[in-house]
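Please open the model in your viewer and show the side chains as sticks, so that charged groups can be picked out one after another. The tour below moves from one selection to the next.

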Amino acid sequence: GGLAPNSFTLTIEDDVPVVATGVTPIVAAVEEDDMADGDGDLSSGNNEDGSTDADEASGSGDTSIATLFSIGADEHEGEATDLIYGIDTDVSGLDALGLESKGDAVTFASTGTVLTATAGGREIMTFTVDADTGNWDVDLKDQFDHVDDGADDENMELVNDTGGTLDAIDLSSYLTVTDYDGDTVGGLAPNSFTLTIEDDVP
């Protein structure tokens with residue numbers, strides 16, 4: 001007896017991470033004012049308001065990258081390292097923005113968890129994602145060139161090649177998460193995660 005093979009089969013469809021809906025966009029805001037040579041930065045800002053370390057920013061909890069994704073069924077209870085948050089290694093789209101620092105072109109490189117911006121041989125910024133938690137840190141080390149808006153104020157608008165204004169660097173499409181069985185998703189909606197850099201003025 002017994003049925004022939006494949007007379008009765010069971011299929012189990014995989015679940016994959018997806019972009020979460022109804023999330024609160026995350027803005028990483030840093031200021032050139034707070035850069036200081038003594039802190040290892042390459043420029044020193046005019047810190048009129050006396051703020052501390054505003055050239056750095058970080059996010060966890062409600063502002064973690066983890067809030068932007070829905071993992072689904074393929075999590076692994078008790079082993080956070082089986083979820084991997086990161087940054088796409090192809091960040092050529094950021095190079096195409098045509099950003100500048102001291103007149104030098106800004107280029108970007110990603111290791112998968114660390115995004116580094118360089119210009120003229122200078123490391124001007126790092127953006128780091130904790131692979132286990134989705135927490136993140138930004139460290140601004142040197143200036144990004146800003147547009148003169150005619151008001152001589154501390155504006156956000158960056159010199160760029162987009163043909164329009166650019167008051168934030170949108171990192172949304174470069175953020176990723178990989179679940180327990182290796183499914184990776186990215187492609188967050190525009191402006192889900194943006195970086196603003198406030199100009200320093202004399």
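What follows is a walk through charged side chains in this predicted model.

Begin by selecting Arg122, which is buried, with a relative accessible area of 15%. Now add Asp104, whose salt bridge with Arg122 has its closest N and O atoms 3.2 Å apart. Because Asp104 belongs to strand β7 (residues 104–105) and Arg122 to strand β10, this pair ties together parts that lie 18 residues apart in sequence. Asp104 itself counts as partly exposed, at 30% relative accessibility.

Keep Arg122 on screen and select Asp142, since the side chains of these two residues also meet in a salt bridge, at 2.8 Å from N to O. Here the link runs between strand β10, which holds Arg122, and the loop between β11 and β12 (169–170), which holds Asp142, with the two positions 20 residues apart in sequence. Asp142 and Arg122 are both buried.

Next, select Glu123 and Lys141, which form a salt bridge with closest N and O atoms 2.4 Å apart. Glu123 sits in strand β10 and Lys141 in the loop between β11 and β12, 18 residues away. Glu123 is partly exposed at 34% relative accessibility, whereas Lys141 is buried at 19%. Adding Lys102 to the earlier selection shows a network in which salt bridges with shared partners join Lys102, Asp104, Arg122 and Asp142.

Finally, turn to the surface and select Glu56, Asp130, Asp132 and Asp137, which gather in a patch of negative charge. Of these, Asp132 is found in the loop between β10 (122–129) and β11 (136–140), and counts as partly exposed, at 35% relative accessibility.

Key
Residues numbered from 1 in each chain as written. Predicted model: local features only at pLDDT ≥ 70, side-chain atom pairs only at ≥ 80, totals over all residues. Heavy atoms only, no water. Patch = residues over 30% accessible without salt bridge, like charges linked within 9 Å, V, L, I, M, F, W, Y side chains within 5 Å. Areas by Shrake-Rupley, 256 points an atom, 1.4 Å probe, with all protein chains shown as cover. Salt bridge = Lys/Arg side-chain N within 4 Å of Asp/Glu carboxyl O. Lys, Arg positive; Asp, Glu negative; His and termini not counted. Charge placed at Lys NZ, Arg CZ, Asp CG, Glu CD. Helix = DSSP H or I, 4+ residues; strand = E, 2+ residues; numbered from the N terminus. Buried < 20%, exposed > 50% of the residue type's maximum accessible area, 1.4 Å probe, protein only.
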